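This report describes a predicted protein model. It takes up a loop, the domain interface and a pair of aromatic rings.

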Amino acid sequence: MAEDSSQYHFTASMDSGKTLCSLLKAIQFQESAVFCALPEGLKLTVEEGKCVQASAYIPADNFTEYHVRDDVDVIFKISLAVLAECLNIFGSGEEASLKMYYKCEGSPLLLVLQPQSFRNVMTDCEIWSQTPDSMLELRSPEETDVAKLVVRAGALLAVLGDVERSADVLELRLQPEPPHFTIVTYGMQDRSCIEVPECSDTLQSFSCERELTLKYQLHHLRLCMKALAISNKVVLRCSSTGLLLLQLKLERDDNKHMFSEFYIVPLLDD
């Protein structure tokens, strides 16, 4: 395959697929994902109903080689579970180089993996692709951000982890004046409240144009927990319609970055 890569619409290689596997597992709450190869990098997207849309971004500079033909759209649906299993085929403790090939519409995604501990061992996988469904456009071009917070990922993960399992609704209260950022959770029999002032170590930056009170299904926010566990920081943006965007950055040992992104639709007022 490597001898004539010009026949493929998309080719890429990286020294290790381990970090990529971790990032994909962070959005693996659905069986299938839309795989899109863009000139600037890879994007894989999953959706839950019409309420949550999550994407993993792998910029092109994370690959040792990366090529996408500019005269075609490389986009297809693929089993995210199978892709993650193939990337981990030699075990979670083994680093393995990765090469990916995609020929044309209807063809499988080809993977070639070679473990670093056994240079004479190699495996190749074919993952069948499908025509993708249309993706939700959750944010309109007219929407603007009315609040933006940069939060330590570990701190937000701890908050979500400490919330009682009986809670089913999370309320965000944002305001320009103290206490600035308040998290309230509601369950069947209890209510908890956490106030985070702007001077807190949890908040790395905070801006808010006006007072906001927004509610979300706690289950939807918990879908972000695997991504939070491997990320360094998270940017929260609230739009004028209450749409919540969480942008999470994962820093690699070589100072390269990968990203995940979650759009979460708010609950309607009673």
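Pro179 sits in the loop that runs between S11 and S12. In this predicted model, the peptide bond leading from Pro178 into Pro179 is cis, and its omega is near 10°. His180 belongs to the loop between S11 and S12 as well. His180 is not a glycine, yet its phi is positive, near 70°. Most peptide bonds are trans, and most residues other than glycine have a negative phi.

Gln175 is also part of this loop, which joins strand S11 (167-174) and strand S12 (181-187). The side chain of Gln175 is placed beside two backbone oxygens of the loop, as the table sets out.

| Side chain | Partner atom | Distance |
|---|---|---|
| Gln175 | backbone oxygen of Glu177 | 3.2 Å |
| Gln175 | backbone oxygen of Pro178 | 3.0 Å |

The second of these partners, Pro178, is the residue from which the cis peptide bond to Pro179 starts. Leaving aside residues up to four places away in sequence, Gln175 touches His180, Phe206, Cys208, Arg210 and Glu211. One of these contacts is thus with the residue of positive phi, His180.

**The two domains**

The chain is divided into domain 1, covering 5-127, and domain 2, covering 145-264. Taken over C-alpha atoms, the centres of domain 1 and domain 2 are 29 Å apart. Domain 1 contributes 21 residues to the contact, and domain 2 contributes 17 residues.

Between domain 1 and domain 2 an area of about 1700 Å² is buried, with 61% of it coming from carbon and sulfur atoms. On the side of domain 1, the residues that lose the most area to domain 2 are Ala26, Tyr57 and Asn62, which together make up 26% of what that side buries.

What polar links are found across this interface? There are 7 residue pairs in polar contact between domain 1 and domain 2, both residues of each pair being at pLDDT 80 or more. Salt bridges between domain 1 and domain 2 number 0.

Helix H1 (18-25) and strand S4 (52-59) are the elements that give two or more residues to the side of domain 1 touching domain 2. S4 supplies the largest share of that side, with 8 residues. By residue class, the side of domain 1 that touches domain 2 holds 13 nonpolar, 5 polar and 3 charged residues.

**Aromatic pairs**

The structure contains 6 aromatic pairs. One of them involves Tyr8 and Tyr101: the ring centres are 5.2 Å apart and the planes lie at 50°, so the pair counts as tilted. Tyr8 is in the segment before strand S1 (10-14), whereas Tyr101 is in strand S7 (residues 96-102), so this pair ties together parts that are 93 residues apart in sequence.

Technical notes:
Residues are numbered from 1 along each chain as its sequence is written. Side-chain values use heavy atoms; hydrogens and water are left out. Domain bounds come from an automatic or database domain assignment. Contact means heavy atoms within 4.5 Å. Buried area is the accessible area (1.4 Å probe) that two parts lose on being put together, summed over both. A salt bridge is a side-chain nitrogen of Lys or Arg within 4 Å of a carboxyl oxygen of Asp or Glu. A polar contact is a pair of N or O atoms within 3.5 Å; within protein, one must be able to donate a hydrogen and the other to accept it, and residues adjacent in sequence count only if both atoms are side-chain atoms. Helices (H or I, at least four residues) and strands (E, at least two) are DSSP runs, numbered from the N terminus. Ala, Val, Leu, Ile, Met, Phe, Trp, Tyr, Cys and Pro count as nonpolar, Asp, Glu, Lys and Arg as charged, and the others, Gly among them, as polar. Rings of Phe, Tyr and Trp (its six-membered ring) pair if their centres lie within 6.5 Å; planes under 30 degrees apart count as stacked, over 60 as edge-to-face and the rest as tilted.
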